Amino acid sequence: MAKADGFIPLDYLSKDEPAMVEAAQAFYQHMAKRRSVRDFSDQPIPRSVLENAILAAGSAPSGANMQPWHFAVVQDPVTKKKIRQAAEIEERELYENRASDEWLDALSPLGTDANKPFLETAPALIAIFLKKVTIDEQGVKHKNYYTTESVGIATGMLITALHQAGLGTLTHTPSPMKFLTEILERPSHERPFLLLVVGYPEEGAMVPDIQRLPLDKISTFL
Ligand code: IYR
């Protein structure tokens, strides 16, 4: 089929149907083992794993292909400590004042509190920033589209890539997260979206005994 300039053939990896069925089943089984980890080992992780996971996240679809994300990787202990201190100030405020009783009740099965030692223990924190606009090399601003959807998808792919590599993650959302802009010296047109804690789970790590909803509760087939 003739196409306009600027198009290339799709590099499509085909699978026959049995292989597809098997792959989907195996991938689900693998993803079902992903859990949010809060007990991290301080064992270092290879930089290339972080780099490839971020490249995988950066392959996410985005509104008008604007790729409205930035991933700031923090491994330096001094910066991790600053992030922990700032996050715990917000978290103390949340647990003591901001959160409603309904919210605290919803959180109680997770056993969380305002203490976030994993922000220092885990070998890497990836702060994900959302760009409402992109400023190009000439300093010209370009509007981005569907930024929340785009960065949410990229974050999901980042979590998936790190799980696939054999690492544990925690999606951490201290609120507000403005301190990340300051500590990580990001430009003001980037909004902190989420803080991903990354590392090996600590030996004997425990997770809450919670269940995923079954297929018929999360889907309808019409
Ligand atoms: N940010 C707090 C509270 C918290 C909120 C939700 I919604 C969670 O799913 C888990 C925790 C904290 O990290 O403790």
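Trainee and mentor go through a predicted model with a bound ligand.

Trainee: What kind of model is this, and how are its residues numbered?
Mentor: The model is predicted, so local features need pLDDT of at least 70 and side-chain atom pairs count only at pLDDT 80 or more, while totals for chains, interfaces and linings use all residues. Residues are numbered from 1 along each chain as its sequence is written, and side-chain values use heavy atoms, with hydrogens and water left out.

Trainee: How many helices and strands does the protein have?
Mentor: Eight helices and six strands. Helices (H or I, at least four residues) and strands (E, at least two) are DSSP runs, numbered from the N terminus. In sequence order the pattern is α-α-β-α-α-α-β-β-β-α-β-α-β-α. Along the principal axes, the C-alpha atoms fill a box of roughly 60 × 50 × 40 Å.

Trainee: Why is His163 called buried?
Mentor: Buried means under 20% relative accessible area, exposed over 50%, partly exposed in between (1.4 Å probe, protein chains only). His163 has 12% relative accessibility, so it counts as buried. Its place is helix 6 (residues 147-165).

Trainee: Which residues does His163 touch, leaving out those up to four places away in sequence?
Mentor: His30, Met31, Lys33 and Arg34. Contact means heavy atoms within 4.5 Å.

Trainee: Thr155 is also in helix 6. What makes Thr155 count as buried or exposed?
Mentor: Its relative accessibility is 3%, so Thr155 is buried. Beyond its neighbours within four places, Thr155 contacts Ile128, Phe193 and Leu194.

Trainee: Why does Glu96 count as exposed?
Mentor: Glu96 has 58% relative accessibility, so it falls in the exposed class. Glu96 belongs to helix 3. From C-alpha to C-alpha, Glu96 and His163 are 33 Å apart in space, and they are 67 residues apart in sequence.

Trainee: Ala86 is in helix 3 as well. Is Ala86 buried or exposed, and what makes it so?
Mentor: Buried, because its relative accessibility is 15%. Outside four places in sequence, Ala86 contacts Phe179 and Ile183. Ala86 and Gly63 are 23 residues apart in sequence and 32 Å apart in space, C-alpha to C-alpha.

Trainee: What share of the protein is buried?
Mentor: Buried residues are 35% of the 222 residues. The protein exposes about 14,500 Å², with 55% of that supplied by carbon and sulfur atoms. These areas come from the Shrake-Rupley method with a 1.4 Å probe; for residues, only the protein chains shown count as cover.

Trainee: What share of contacts joins residues at least 24 apart?
Mentor: 80%, among contacts between residues at least 6 apart in sequence.

Trainee: Which residues are around the ligand?
Mentor: Glu91, Leu94, Tyr95, Trp103, Leu107, Leu110, Thr112, Asp113, Lys116, His172 and Thr173. A residue is near a molecule if one of its heavy atoms lies within 4 Å of it.

Trainee: What makes the Glu91 pair a polar contact?
Mentor: A polar contact is a pair of N or O atoms within 3.5 Å. An N or O atom in the Glu91 side chain is 2.9 Å from a nitrogen atom of the ligand. Lys116 places a polar side-chain atom 2.5 Å from a ligand oxygen atom. For His172, a polar side-chain atom is 3.3 Å from an oxygen atom of the ligand. The protein covers 70% of the 380 Å² of accessible area that the ligand has on its own.

Trainee: Which elements give two or more residues to the shell around the ligand?
Mentor: Helix 3 (77-98) and helix 4 (101-107). Helix 3 gives the largest share, three residues.

Trainee: How do you know that the peptide bond from Ser175 to Pro176 is cis?
Mentor: Its omega is near -5°. Pro176 sits in the loop between strand 5 (168-172) and helix 7 (178-183).

Trainee: What stands out about the phi of Asn65?
Mentor: Phi is positive, about 50°, although Asn65 is not a glycine. Asn65 is in the loop between helix 2 (47-57) and strand 1 (69-74).

Trainee: What is the phi of Glu185, and why is Glu185 called exposed?
Mentor: Glu185 has a positive phi of about 50° too, although it is not a glycine. Its relative accessible area is 70%, so Glu185 is exposed. The loop between helix 7 and strand 6 (190-199) holds Glu185.

Note on methods: Polar contact = N/O pair within 3.5 Å; in protein donor to acceptor, adjacent residues only side chain to side chain.
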